[in-house]
Amino acid sequence: MSPELKTTDPKDIFTGGGEMGVLMRSLDWSQTSLGAIQHWSQNLKTAVRIMLTSRQPMFVWWGEDLINLYNDAYRAILGGKHPEALGQPAARVWREIWDRVGPRAESAIRNNEGTYDEALLLIMERNGYLEETYYTFSYSPVPDLEGKPGGIICANTDDTQRIIDERQLALLKELASKTADARTFDEACKLSATCLATNPYDLPFGMIYLIDPERRCAVLAGTSGIESGHALAPQMVELNNEDWHFAEVLNTHEPYLISDLDIRFRDLPTGAWTRSPHQLVIVPVAPSGETGKAGILVAGLNPFRLFDNNYRRFLNLVSAQIAASIANAQAYEEEHKRAEALTELDRAKTAFFSNVSHEFRTPLTLMLGPLEEIVNACPDSLATGHCEQLEMVHRNGLRLLKLVNTLLDFSRIEAGRIQAVYEPTDLAMLTADLAGVFRSAIERAGMHLQVDCPPLPEPVYVDREMWEKIVLNLLSNAFKFTFKGKIMVALRSWDDRIELEVRDTGIGIPAEELPYIFERFHRVKGARGRSYEGSGIGLSLVQELVSLHGGTIEVSSVVDRGTSFIVSIPNGCNHLPSEHLGVTRTLTSTTMGTAPYVEEILRWLPKSVDSSETLTSEFSLSVPIQSRQSSTPTARILLADDNADMRDYVKRLLSRQYEVEVAADGIMALAAVRQQVPDLVLTDVMMPRLDGFGLLRELRVDPTTRDIPIILLSARAGEEARIEGLEAGADDYLIKPFSARELLARVEATLKLIRIRKDAGQAVRENEERLLFALTAARMVAWEWDLTTGISQRLGNAAEILGLGTSNADDFYRMVHPEDRAVVEAATARAIRGEAPYDLEFRSIAPDGRTLWLADKARLRYDDEGKPSHLTGVCVDITDRKQAEEALQQREAELRLVTDTVPALISFVDSDQRYRFNNRKYEEWFGRPATEIYGQSLREVLGEAAYEEIRPYVERVLAGQQVTFESQIPYKDEGTRYINATYVPQFNHRGAVEGFVAFS
């Protein structure tokens, strides 16, 4: 039996519509072109119903006049236009922006297609003044009864505050980063003014003045958006000038607003707008301390914004950042003046230490290298006495080199030329390895070495060479002053720091000596140690190296009980200079490894301990006389050096493993290379006729020799020489003096590296082929857009899907569907600016004319200077998926149309007895919209009595039976009704009942 249907009041479409629903119900719609409500089409009623029940700002424009209807949330957008805007033509309501939104509405109606705009700038007049706003909205055409567009429904998102906040934050970041390195007042002001120009929306123009207290005036120091000399930008303003109010602003420390700007001045700059500002504000720039430099910021204001608290707060932040840059410049100038007195002395010391160390390198190479070989061969070829004398010479030669390197470290630190290379390091392993090399010597001395270096949670950023010197100096110092007990090395991780502790049970340090322990050349008087040797600068060097890591070193000691040194450095890399993270070291390394430290402390042991066994291969820098087996195949090496002794020495070292040819200068070497190409060239830098750099250039420009590995040898240890060699194309740069083992290791490593490069090149080519095959099979396109050249490279089905190979941006945009082109261009622009990730779906025109759907996702890459350089992404053909989604949406619409047309109550109830669908007749029966019924339980909608009446049938259908019954049902709000109903169970793929369809 069919149910008795209720008569629906036309005004029921406004039910649940909040205040706007009440207002619409009371309006006489017959006076509008829409006519009386009872004559409205069902589609219009549906659109209004959807709009009123939405919490998002929405409106409906209907009919030829596009009569305006809107919900509660949209009132904030209308501002002062509410409530008069209700029922008015849209062109009248939004007359000030109709030139922008009107064509979009016309396009939606005429073409029966939706439009979409993201963060569109609209200058609205809704509160008595023109106002800058940004909205994201889409116009969706709504069909009338004939299927033609009868109106528009639109959802809006207000992006105004977000856009304003983002550009203001960008300016503050720009000020903080670009002015940090300002060194003078003028530079700070000019850089600040340059930064202000990046936000011409909120600051159409600006001037920065510095106060001259002696002359009682303000002097123009920087301008933005306005030429110096303009009537509004005088070079000098007296503080007591009443037109400018500078004195008042400086005294009150509060901004002063001038509102009649457009009356007092003509030809004002407009910034990013088409009209000039009518207001400017004068903001004080606070001085730093009692002697700091004060200033004034004069800023033109956005003509389309009110000068409210947010605007005032923003300008105060800008002023504070300018004040900080001026303060930094002032501090730098004062520090510069204090340092000028020491500059010449520092230069002299640096030059002296550098020259001394450089002069020592060549003779030390020729002394230490042969000595290492002789010391190794002593037991077989020389008497014991001679061996001891040679060992003494060798030991003191290493001490001399160690001392020269230490002095060079100090000279670089004092001159600010120390080069740190901070890189993530397994600090626990490195520290344990360094401490472990002392174990043999410590145990020979009858003591115990305790190493407690558990794995750390993450790698630590350190300069490995500096860390090596820190650990070795501290351990050497502990061994020197400890005679019994133990030496402990411990590494600990705290919340934000790493601590290294070197603790001993030695003689300790008197309390009165602790404040001076890190001073250079300081010695504790009367201290008993294993040796009186030493320069007294080891701990001072450790403190300097720790400081370069942003850390601290502390010492605690008790006489006759021991001493503890604790080094603490921060985790992460934010505290370290970014220019020293992961870079290539260019200055000469002064690291000598662990051997000199271990050999030195072994000499401190008693004669009974320090036997000939102490110079084992574990600690020796020498190379055994006998040939060693190398993994490198026999190779031919060309050696070029004008020093005969050096040629003979190096040739003798290399001839044990390689075929060596020698040349006395670059000309002879070049002739030998052209006669027979060697596997490696080893050349000195300073040679007559053609030097090492000249030889390097000649070999690199010749296609037949450009890939030959080249190692430069030089006594010039300066940064410029090393950079010049590496930039010219050298594979390695070996500084004299070098050990025989180091030379052989560098040569073997270079030869291995060349083979690895060849193998890697082949592997890369094979991987590229595999990648191309995978992309082609998956109908994917991998692409990379070089932002500097505008050229885009593509792999995969680029020709088939996009019709493009290598192309530029214009080619790409032309293949995008015209209706999606603006969206793609906007998304690309935002991604390049770093404002939002590039991730969108759009249509394209295939080479054969078909319309394809593509999913495109990319990430932005930056160059070494932090500027965007490349956009790298993947594009996938998703046409099949989109077509399936459209088909599904069509089926759902058809199902809704059918169920709404059937004169019966149809609903779907899930296994929890909650409504998941009901047709229009169901809504009319209960007088409640679908949104109020959806998700409610049967008991809540029908009432307790009605639910108890049908519960047996519900339980049966949920058990899997189809049920048909007739019954009188006492509904909660509708009275007792006589119904004929059928419940049909719905099963999932596992055969379980997931709900039932009810027909009545």
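Author: A disulfide counts here as a pair of cysteine sulfur atoms within 2.5 Å. This model is predicted. A search of the whole structure finds zero disulfides.

Reader: What makes the disulfide count what it is?

Author: The cut-off is 2.5 Å between two cysteine sulfur atoms. The search covers the whole structure and returns zero disulfides, so no pair of cysteine sulfurs meets that cut-off.

Reader: Take two cysteines. Why is Cys195 called buried?

Author: Its relative accessible area is 3%. Buried means under 20%, so Cys195 is buried.

Reader: And Cys573: why is it called partly exposed?

Author: Cys573 has 23% relative accessibility. Partly exposed lies between the 20% limit for buried and the 50% limit for exposed, so Cys573 is partly exposed.

Reader: Where does Leu52 sit, and why is it called buried?

Author: Leu52 belongs to helix 2, residues 42–52. Its relative accessibility is 5%. The limit is 20%, so Leu52 counts as buried.

Reader: Which residues does Leu52 contact, leaving aside neighbours within four places in sequence?

Author: They are Ile13, Phe14, Gly16, Gly17, Met20, Gly21, Met24, Tyr70 and Asn71. Take Met20: it is 32 residues from Leu52 along the chain, yet the two C-alpha atoms are separated by 7.6 Å.

Reader: What is the strand order in the open sheet that includes strand 2?

Author: The order is 2-1-5-4-3, with antiparallel pairing. Strand 2 (67–70) and strand 3 (115–125) are the edges, since each pairs on one side only. From one strand to the next, the twist averages 30°.

Reader: What makes strand 4 and strand 5 a pair?

Author: Pairing needs at least two bridges. Strand 4 (residues 130–143) and strand 5 (residues 149–158) have nine, in the antiparallel sense, so they pair. One of the bridges links Pro141 to Ile152 in strand 5. Helix 2 packs on this sheet, touching strand 1 (58–62), strand 2, strand 4 and strand 5. The helix direction makes about 160° with that of strand 1.

Reader: What is the order in the open sheet that includes strand 31?

Author: Its five strands run 31-30-34-33-32, again with antiparallel pairing. Strand 31 (915–918) and strand 32 (963–971) are the edge strands, each pairing on one side only. The average twist is 30° from one strand to the next.

Reader: Why is strand 30 said to pair with strand 31?

Author: There are three bridges between strand 30 (residues 906–910) and strand 31, in the antiparallel sense. At least two are required, so the strands pair. Val909 has Tyr915 in strand 31 as its bridge partner. Helix 29 (residues 944–958) packs on the sheet. The helix touches strand 30, strand 32, strand 33 (975–987) and strand 34 (993–999), and its direction makes about 160° with that of strand 32.

Reader: Why is Ser564 called buried, and which side chain does its own side chain meet in a polar contact?

Author: Ser564 lies in strand 18, residues 562–570. Its relative accessibility is 2%, against a limit of 20%, so Ser564 is buried. The side chain makes a polar contact with the side chain of Glu501 at 2.7 Å. The cut-off for such a contact is 3.5 Å. Beyond four places in sequence, Ser564 touches Glu501, Val502, Arg503, Glu554, Val555 and Ser556.

Reader: How many salt bridges are counted?

Author: The count comes to 35.

Reader: What makes Glu96 and Lys81 a salt bridge?

Author: The closest N and O atoms are 3.5 Å apart. The cut-off is 4 Å, so the pair qualifies. Glu96 is in the loop between helix 4 (90–93) and helix 5 (98–111), and Lys81 in the loop between helix 3 (75–78) and helix 4, so parts 15 residues apart in sequence are tied together. Lys81 is buried at 12% relative accessibility.

Reader: Why do Arg674 and Glu698 qualify as a salt bridge?

Author: Their N to O distance is 3.8 Å, and the limit is 4 Å. Arg674 lies in helix 18 (residues 666–675) and Glu698 in helix 19 (residues 692–701), so the pair ties together parts 24 residues apart in sequence. Arg674 is exposed, at 56% relative accessibility. Glu698, at 33%, is partly exposed.

Reader: What about Arg746 and Asp732: how far apart are the closest N and O atoms?

Author: They are 3.1 Å apart, under the 4 Å limit. Arg746 lies in helix 21 (residues 740–777) and Asp732 in strand 23 (residues 732–735), so the salt bridge ties together parts 14 residues apart in sequence. Arg746 is partly exposed at 24%, whereas Asp732 is buried at 14%.

Reader: Which residues are joined into one network by salt bridges that share partners?

Author: Arg939, Glu944, Glu948, Arg951 and Glu955.

Conventions. Residues are numbered from 1 along each chain as its sequence is written. This is a predicted model: local features need pLDDT of at least 70, side-chain atom pairs count only at pLDDT 80 or more; totals for chains, interfaces and linings use all residues. Side-chain values use heavy atoms; hydrogens and water are left out. Helices (H or I, at least four residues) and strands (E, at least two) are DSSP runs, numbered from the N terminus. Buried means under 20% relative accessible area, exposed over 50%, partly exposed in between (1.4 Å probe, protein chains only). Contact means heavy atoms within 4.5 Å. A polar contact is a pair of N or O atoms within 3.5 Å; within protein, one must be able to donate a hydrogen and the other to accept it, and residues adjacent in sequence count only if both atoms are side-chain atoms. Axes are lines fitted to C-alpha atoms, for helices over the stretch in contact, and angles run from 0 to 180 degrees between N-to-C directions. A salt bridge is a side-chain nitrogen of Lys or Arg within 4 Å of a carboxyl oxygen of Asp or Glu.
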